[in-house]
Amino acid sequence: MDFQINGGIIKMLREEQNISQTKLVEGIMSRENLSRFESGEQGIKKKHLDLIINRLGISSMQFFAYPITEGEFKVHNIRYRLKLCILTSDMDGVNTLITEIEQIDEFKKGLLRQILIKAKA
């Protein structure tokens, strides 16, 4: 799952419960950052997402379907950005993201490494 997509899910859940952006993120982050996350313009820190989904009455386990580490969260966000760079032929962006992803411990596991090798090709 690409975590950039989760912003739309958060928006849907928030609207279903008739909760304003301001009320949902009070004490967590700015309303403006939530707005940008919901629209897919920016990512979100896992700790903030966990607090938001808990405030919506959902556990991380329900939201992600399996426990996810901070490193896995970062890898998925980078994968999303990497796909965008590849689609737009932004090779500088690809190289920057490759360097970033190589620093994450979860990257060193099988499938994630294969994704990077494919991206380099």
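The following conversation introduces the packing of helices in a predicted model.

Q: Which residues have the most contacts inside the largest nonpolar core?
A: They are I10, L24, L49, I52, L56 and F63, in a core of 18 residues. As the model is predicted, every value here is computed from it.

Q: Which helices supply that core with at least two residues each?
A: Five helices do so: helix 1 (6–16), helix 2 (21–25), helix 3 (31–38), helix 4 (46–55) and helix 5 (60–64). Helix 4 gives the largest share, three residues.

Q: And L24, what does it touch?
A: Leaving aside residues up to four places away in sequence, L24 touches I10, R14, I19, L34, I52, R55 and L56.

Q: How many residues are in the second core?
A: The second core is separate and has nine residues, including I78, C85, I98 and I101.

Q: Back to helix 4, then. Which of its residues are buried?
A: The buried residues in helix 4 are K46, H48, L49, D50, I52 and I53.

Q: What do those buried residues pack against?
A: They pack against helix 1, helix 2, helix 3, helix 5 and helix 6.

Q: What about G57, just after helix 4: what phi does it take?
A: G57 takes a positive phi, about 85°.

Q: New topic: at what angle do helix 1 and helix 3 pack?
A: The angle is about 115°, and the axes of helix 1 and helix 3 are 7 Å apart. Helix 1 is therefore roughly perpendicular to helix 3.

Q: Which residues meet there, between helix 1 and helix 3?
A: From helix 1 come N6, G7, G8, I10, K11 and R14, and from helix 3 come L34, F37 and E38. Sorted by class, this contact has three nonpolar, three polar and three charged residues.

Q: How far apart are the axes of helix 6 and helix 7?
A: The axes of helix 6 (residues 70–87) and helix 7 (residues 91–102) are 9 Å apart, and the two helices pack at an angle of about 165°.

Q: Why do helix 6 and helix 7 count as roughly antiparallel?
A: Angles over 145 degrees count as roughly antiparallel, and the angle between helix 6 and helix 7 is about 165°. The crossing of helix 6 with helix 7 is left-handed.

Q: Which residues make the contact of helix 6 and helix 7?
A: Helix 6 contributes V75, I78, R81, L82, C85 and I86, while helix 7 contributes G93, V94, L97, E100 and I101. By class, eight of these residues are nonpolar, one is polar and two are charged.

Terms used:
Residues are numbered from 1 along each chain as its sequence is written. This is a predicted model: local features need pLDDT of at least 70, side-chain atom pairs count only at pLDDT 80 or more; totals for chains, interfaces and linings use all residues. Side-chain values use heavy atoms; hydrogens and water are left out. A nonpolar core is a set of buried Ala, Val, Leu, Ile, Met, Phe, Trp, Tyr and Cys residues joined through side-chain atoms within 4.5 Å. Buried means under 20% relative accessible area, exposed over 50%, partly exposed in between (1.4 Å probe, protein chains only). Helices (H or I, at least four residues) and strands (E, at least two) are DSSP runs, numbered from the N terminus. Contact means heavy atoms within 4.5 Å. Axes are lines fitted to C-alpha atoms, for helices over the stretch in contact, and angles run from 0 to 180 degrees between N-to-C directions. Angles under 35 degrees count as roughly parallel, over 145 as roughly antiparallel, 65 to 115 as roughly perpendicular and the rest as oblique. Ala, Val, Leu, Ile, Met, Phe, Trp, Tyr, Cys and Pro count as nonpolar, Asp, Glu, Lys and Arg as charged, and the others, Gly among them, as polar. A crossing is left-handed if the near helix is turned anticlockwise from the far one by less than a right angle, and right-handed if clockwise.
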